[in-house]
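Hi,

Here is the structure I promised to pass on. Have a look at it first, and my notes follow below.

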Amino acid sequence: MTRTLSRFKPEAATRTLARLALLVLVSGVAAAEPPNPPKKPAPAVSVETLAPRLFEQRLALTGSVEPTIVAALSSPAEGPVQDCRIREGDRVRAGQTLLAIGRESSVTANVTAAEEELDRKQRDFDRFSALATRNVLAADELDRARAELERARAALTQARQSAADYVLKAPWPGIVSAVHVADGKYVAPRTPLVDLFDPASLVLRFQIPEQHVFAIRIGDRVEARFDAAPDQPRTLTITRAFPEIDRRLRTRTFEAALPLDQAEFAPGQFARLSVALLTRPEAISIPVEALTTGADGRPQVFTVADDGTARAVVVTPGPEQDGRRLITDGLAPGDRLIVNGIEKVRNGEPVRVASPNSPPTADGTPTP
């Protein structure tokens, strides 16, 4: 008994207890960990199979109806206005008297006197000519009579022109757009009196910003909606491009022809326009939300490869229109473009393509 107790060593017992404790700990950890942890499911995405389609980049503008043939008639003489019988909206004929300026009687008397003086000088010249043919009158006397006759003709012309200054007449057929005076108003020379426009000269005039002026040409079409008839869109043809760019507004003015029925339009009428800057009949375009930026800063998209994995594709984007972006390089018809769920996609990792009719989950990602 004494020999057995002497062989027991405390150090050996301590090592034995430590081994037992470590064995128990390892067994517990092994029991807590499953032998094969489940894999993370592939993210669900929705795709669009790309196909060529019409792409148009359009520019929204505003314009107005304006006449190109206008006349702002002013007073050539001084005096009170008389016989003003026209009003805004009246149609006038070429040469029609619109109004008169007072003192017309005095200038009419001057014309009558000039006509009588011309008749007298004409008779004198005829008499002197007859005498000269019989060598009764000296040649210098006939020359003097001829000069006086020409002066009388010039005086009559001046008197008639002065008389015309006191009567305002329409230069061509048109519509009165404004009357600035009334009977009895005393006017000075160059005072505005009446404004006319030719209704057959109405056009649609609009401005294009400087960055797009060379994308628009004469002969191009413009879609117009007039506020007076918003449910009647019209397709008009651009007929004129002004040669200069406005230095203050940095715009260029264009004109489009209106239909022949000018009765439907009036100067100042407002229009909302749409003109095509770029047209590609067979283009590849993508939803704007499908375009991302790669780690290198270049624009890219994700497509689904044949093996079901996501593939990052560097693309060259063009202009945007109506929520779609033109792609000029990088994609081809038939590519399956990832549109939704891009934030969970990694290049080369598998994805699940959702059914087109599947509703999105609570976090906005499509369901498989």
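Glu255 is buried, with a relative accessible area of 4%; buried means under 20%, exposed over 50% and partly exposed in between, using a 1.4 Å probe and protein chains only. Its partner in a salt bridge is Arg205, with the closest N and O atoms 2.7 Å apart. I call it a salt bridge when a side-chain nitrogen of Lys or Arg is within 4 Å of a carboxyl oxygen of Asp or Glu. This pair links distant parts of the chain, as Glu255 sits in strand E14 and Arg205 in strand E11, 50 residues apart. Arg205 counts as partly exposed, at 23% relative accessibility.

Before you read on, a word on the source: this is a predicted model, where local features need pLDDT of at least 70 and side-chain atom pairs count only at pLDDT 80 or more, while totals for chains, interfaces and linings use all residues. Residues are numbered from 1 along each chain as its sequence is written, and side-chain values use heavy atoms, with hydrogens and water left out.

Back to the charges. The count of salt bridges comes to 14. Arg153 pairs with Glu150, their closest N and O atoms being 3.0 Å apart. Why can these two meet? They are three residues apart in helix H4 (residues 139-164), so about one helical turn separates them. Arg153 is partly exposed at 36%, and Glu150 is too, at 40%. There is also a network of salt bridges linking Glu48, Arg53 and Arg324. Within that network, Arg53 and Glu48 have their closest N and O atoms 4.0 Å apart; Glu48 is buried at 19%, whereas Arg53 is partly exposed at 38%.

On to the nonpolar side. The largest nonpolar core (buried Ala, Val, Leu, Ile, Met, Phe, Trp, Tyr and Cys residues joined through side-chain atoms within 4.5 Å) has 24 residues, and those with the most contacts inside it include Leu204, Phe206 and Leu273. Strands E2 (53-67), E11 (202-209) and E15 (270-287) are among the elements giving it two or more residues. Leu273 touches, among others, Leu59, Leu61, Leu204 and Phe206, where a contact means heavy atoms within 4.5 Å. Apart from this core lies another, of 20 residues, including Cys84 and Val194.

For the overall picture, the protein has four helices and 22 strands, taken as DSSP runs (H or I, at least four residues; E, at least two) numbered from the N terminus. Of its 368 residues, 34% count as buried.

Cheers

Definitions and conventions
Lists of a residue's contacts leave out its neighbours within four places in sequence.
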